[in-house]
Amino acid sequence: MVVPSRAAVIAVTALAPISWGTTYAVTTEFLPADRPLFTGLMRALPAGLALLALTRTLPTGAWWWRSAVLGALNIGAFFPLLFLAAYRLPGGVAAVVGSVGPLFVIGLATLLLGERPTVRALLAAVAAVFGVSLVVLNAGAAFDLVGVVAGLLSSASMAAGTVLTKRWGRPEGVGPLVMTAWQLTAGGLLIAPVAFLVEGAPPALDGDALLGYAYLALVNTAVGYWLWFRGIERLTATSVMLLGPLSPITAAVVGWAALGQALGPVQVVGMAVAVTATVLGQVVPRRRPPLAVEDLPPAGAVPPPAVPPAGGVPPAGAVPRADARR
């Protein structure tokens, strides 16, 4: 069995936030307006059910409630809070609020995983927020307290889900694809009643909407979250979460290339800062290699006596021999 290198795992995991960066363009160009909860439901539940049908594996024992908790944190609570922040805040402000996720992960990973935060990781997390703010903020950006709180809670929810996914791992014989199916299904089932109570009956869907929802459910969510959970299993929680800034960067690039949105020098500098922070967050600090067994003195060994140097002058601290005092 060929074990992929760490760089390959990072590159593949990065495809998840890159795919999530296309959500805004697909939503605005293909989907019905003002249906954020229904969109979250259509992203999660069909993808989860399709993966369940493919894997044909249900949780057992404690994994029933663990899957529900993870599904709520990563999907069921995250999606509604994210969309609430997006609707209450300008897109740039929502993206900046969401980019603080790595800081939440660093704190939770310290408490729950014993991952000691490094100066490099903290600097990368702060630099990522700064870079994203340069990409998406503008002079007319406004703040809304409810939107800011929702954005912070959505980041904290996904951070907690990421850390608990790392802490709990997965049952023996169960792969990341099955874990993705459980969480998407649980999260979608939690969103469903909220979506119908708040937004009412589903809207009429045309061909463009069906195509957009199919893309979001299959590529953006089923494949995206599978890659994300697979990365959490093989990397540190902090490393994975520091890939998150690739999402707003992708959204800005897609908006410029496909939707004709402006992309000036400040945004380009912000992208460079955010990408640099993302790369910096993946660097593993070098550890001093342990001494080999043959380099260690045997247990109980007495160190050899000091040998006087040439000239007869003993080294400092040496005890003179008895015959030297004659």
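The accessible surface of this chain comes to about 17,300 Å², and 70% of that area belongs to carbon and sulfur atoms. Keep in mind as you look around that this is a predicted model. Part of the nonpolar surface is easy to point to: L103, L122 and V126 make a nonpolar patch of about 240 Å². Try finding L122 in helix α8, which covers residues 119-136. With a relative accessible area of 39%, L122 is partly exposed, because that value falls between the 20% limit for buried and the 50% limit for exposed.

Now for the overall build. The chain has 14 helices and zero strands, so reading along the sequence you meet one α after another. Of its 326 residues, 43% count as buried. Among the contacts with a separation of 6 or more, 89% are between residues 24 or more positions apart.

Let us follow one example of such a long-range meeting. S157 is found in helix α9, residues 145-168. Is S157 buried or exposed? Its relative accessible area is 7%, so S157 is buried. What does S157 touch, leaving aside residues up to four places away in sequence? The list is A72, L73, A77 and F78. Take A72: 85 residues separate A72 from S157 in sequence, yet their C-alpha atoms are 8.4 Å apart in space. With L73 there is a polar detail to look for, as a polar atom of the S157 side chain lies 2.6 Å from the backbone oxygen of L73.

Next, turn to the aromatic rings. A pair of aromatic rings is described by the distance of the centres and the angle of the planes. The whole structure holds eight aromatic pairs. One of them joins W20 and Y225, a tilted pair with 4.8 Å from centre to centre and 40° between the planes. Because W20 lies in helix α1 (residues 6-20) and Y225 in helix α11 (residues 207-234), this pair ties together parts that are 205 residues apart in sequence. Both W20 and Y225 are buried.

Y225 has another partner, F79, in an edge-to-face pair: 6.3 Å centre to centre, with 70° between the planes. F79 sits in helix α5 (residues 78-88) and Y225 in helix α11, so here the pair ties together parts 146 residues apart in sequence. F79 counts as buried at 1% relative accessibility, and Y225 is buried with a relative accessible area of 1%.

Finally, step back and see these rings together: W20, F78, F79, Y225, W228 and F229 form one aromatic cluster. You have already met F78, one of the residues that S157 touches.

Notes. Residues numbered from 1 in each chain as written. Predicted model: local features only at pLDDT ≥ 70, side-chain atom pairs only at ≥ 80, totals over all residues. Heavy atoms only, no water. Helix = DSSP H or I, 4+ residues; strand = E, 2+ residues; numbered from the N terminus. Buried < 20%, exposed > 50% of the residue type's maximum accessible area, 1.4 Å probe, protein only. Contact = heavy atoms within 4.5 Å. Areas by Shrake-Rupley, 256 points an atom, 1.4 Å probe, with all protein chains shown as cover. Polar contact = N/O pair within 3.5 Å; in protein donor to acceptor, adjacent residues only side chain to side chain. Patch = residues over 30% accessible without salt bridge, like charges linked within 9 Å, V, L, I, M, F, W, Y side chains within 5 Å. Salt bridge = Lys/Arg side-chain N within 4 Å of Asp/Glu carboxyl O. Phe/Tyr/Trp six-rings, centres within 6.5 Å; stacked < 30°, edge-to-face > 60°.
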